[in-house]
Amino acid sequence: MDKASSHLAPPETPRAFGFYLDGGFVPAGERETFLRTSPGHGVPVTSIPTCSAEDVDTAVASARAAFEDRRWSGLNGADRAAVLLRTAEIIRRRAEEIAYWETLENGKPISQSRAEVGGCVGMFEYASGLARSLHGDSFNNLGDGMFGIVTREPVGVCGVITPWNFPFLILCERVPYILASGNTLVVKPSEFTSATSLILAEIMTEAGLPDGVFNVVTGPGRTVGQAMIEHMDIDMLSFTGSTRVGRSVVEAAGKSNFKKLGLELGGKNPQIVFADADLEDAADGVAFGIAFNTGQCCVSGSRLIVERSVADAFGRMVADKLAKAVVGDPLDEATQIGAITTDAQNATILGYIAKGQDEGARLLCGGEALDLGQGQYIAPTIFSDVTPSMSIAREEIFGPVLTILPFDTVEEAIAMANDTEYGLAASVWTKNIDKALMITRRVQAGRFWVNTTLSGGPELPIGGMKASGWGREAGIYGVEEYTQVKSVHIELGKRQHWIE
Ligand code: NDP
């Protein structure tokens, strides 16, 4: 698909995908299929098989066989790196196709999908280097009779359950790092956004990944996802999604095989703005932080904690910025804010907007669904006169809804920022280095931004504190997370006998 060639439009008929097993697509056959409707256009765009628990068993068995015979973990790091680099090249070549299906199923702007796919190329490239540099440790200080080695080994068969908000990006923040050390995988994308995970499977086979190392099962979380979290032969599971399902993942791990878990869950992330910030920059950053991906972003800056002396003026600055953002057809190059991805999420966001008004908060802008003739869209919304106890200030809305909370002192700003069960991300805007560093140290968040927001790269780890999750993805941290450590004690020379 050529970016410059044409005005993009949804397909005439839905594209039928199979699920991916042992190096090839398995057509739906007798299975039911899920017809995914584009949230931006209201027309069906993909047809995806609904896998059964038996299909999950088959996929796990395929990944297990690929792990046990060492067709991947037994390769040297350079050979694994070569496959990851070739994957990066093919993603680059097929970027336009991936971006197109991502936008159709998710509703995000095509320009954003393209940028995300570009970021995913970098993930594979960076992880390829880590496949070569991953190493253990040695202890040469144990006396002449003993030498100690610490090795890192792959965990084994890894399950990955991904959500619908960044289907390709979240996948690529995990897969290359998981593969770098030699693990094998079974992936379950959200039923609403399976296409690009399946395209990645095809790409990886073309890149030379041995069959069975990367499998994709499709279907709903309550059946296919549930079968994965309860599975006795998945050694580690990475789950990204709601805190509610995250709790059942933890319970299921305890009731099954105590699989190791990586969890990236919800957030109610503070944007702390001081009066001494570059307020023009901060207003742009805060607008971006809440409206990017229509706020359906675990790291969205949804709580604006702003110094009282500038709170009213700054709220208006952010509202003015948002008024200029282009909401529209996700396939249009000019669009900055696309559609709401699922019907359920659309209803949830509108429900919170009504609740905010009922609770006495004041609408500064937005607050309504937008009728663009097709699809489902919500205007970026700001609430002022918010108190910390209101549900719009406490609960993750996962939509373009910003709440403004004024503060008077640095201590108060820190307390307000930490007054949440979550600890995923936070931003601070100030030109005072002392304040910036103090806030960075004391606000509990796995990702922190100073005078910017939502930036990242393959080097920096991703993950949360508190109820936002366990473990870290991406970077060397993401590779190490999917390894297990073995201590090797080597006795040198003649043993001193216990029984003479
Ligand atoms: P879920 O937690 O339900 O979905 C996330 C993933 O888990 C999807 O692949 C889903 O599959 C799967 N899943 C659902 N139920 C189970 C289960 N019982 N066992 C195993 N896997 C399961 O999120 P929602 O889509 O319902 O979104 C609800 C809320 O979650 C949002 O409003 C937001 O607050 C939060 N969320 C947070 C995300 C993040 O990035 N941290 C991402 C998405 C949501 P399927 O979609 O096919 O049912």
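In which strand is leucine 185 found? Select leucine 185 to begin the tour of this predicted model, and the viewer will place it in strand 9, which covers residues 184-188. Leucine 185 has a relative accessible area of 0% and is therefore buried, since burial here means a value under 20%. If you then add cysteine 158 to the selection, you can check that the C-alpha atoms of the two residues are separated by 4.8 Å, although leucine 185 and cysteine 158 are 27 residues apart along the chain.

From cysteine 158, step across to methionine 236, which stands opposite it in strand 11. Now show strand 8 (residues 157-161) together with strand 11, and you will see two strands that run parallel and are joined by four bridges. Extending the selection to strand 12 (residues 260-264) brings in another parallel pairing, in which strand 11 and strand 12 share five bridges. Within that pairing, phenylalanine 239 has leucine 263 of strand 12 as its bridge partner. Trace the backbone onward from strand 11 and it passes through helix 9 before reaching strand 12, a β-α-β crossover that is right-handed.

Stay with strand 11 and display its side chains. In a regular strand the side chains alternate between the two faces of the sheet. Met236, Ser238 and Thr240 lie on one side of strand 11, while Leu237 and Phe239 lie on the other, and both faces are covered. Because five of the five residues of strand 11 are buried, the strand is largely enclosed by the rest of the structure.

Next, select the loop between helix 9 and strand 12, where phenylalanine 258 has its place. Its phi is near 55°, a positive value in a residue other than glycine. Phenylalanine 258 has a relative accessible area of 68% and so counts as exposed, the cut-off being over 50%. For a second residue with positive phi, move to phenylalanine 398, where the angle is near 65° and the residue is again other than glycine. Phenylalanine 398 sits in the loop between helix 13 (391-394) and strand 19 (401-407), and at 17% relative accessibility it counts as buried.

The tour then turns to the pockets. Centre the view on Trp164, Gly241, Ser242, Arg244 and Val245, which lie nearest the centre of the largest pocket among the 38 residues that line it. About 1000 Å³ of space lies in this pocket. Helix 8 (221-229), strand 11 (236-240), helix 9 (243-255) and helix 12 (343-358) each supply at least two residues of its lining, and colouring that lining by class will show 17 nonpolar, 15 polar and six charged residues. If you colour by domain instead, you will find at least three lining residues from each of domain 1 (15-265 + 468-486) and domain 2 (270-450).

Finally, go to the second largest pocket, whose volume is about 510 Å³. Of its 25 lining residues, select Leu169, Glu173, Arg447, Leu454 and Gly456, the closest to its centre. Helix 4 (110-133), helix 5 (167-172) and strand 22 (447-450) each give at least two residues to the lining, and the largest share, five residues, comes from helix 4. By class, the lining of the second largest pocket has 15 nonpolar, five polar and five charged residues. Since domain 1 and domain 2 both contribute to this lining, the second largest pocket lies between them.

Technical notes: Residues numbered from 1 in each chain as written. Predicted model: local features only at pLDDT ≥ 70, side-chain atom pairs only at ≥ 80, totals over all residues. Heavy atoms only, no water. 1 Å grid on protein atoms, 1.4 Å probe; cavity = no way out; pocket = protein on both sides within 12 Å on 5 of 7 lines; lining within 4 Å. Points joined across faces, edges and corners; volume = space filled by probe spheres on them. Nonpolar A, V, L, I, M, F, W, Y, C, P; charged D, E, K, R; others polar. Domains from an automatic or database assignment. Buried < 20%, exposed > 50% of the residue type's maximum accessible area, 1.4 Å probe, protein only. Pairing = 2+ DSSP bridges. Right-handed = clockwise from strand over helix to strand, strands pointing away.
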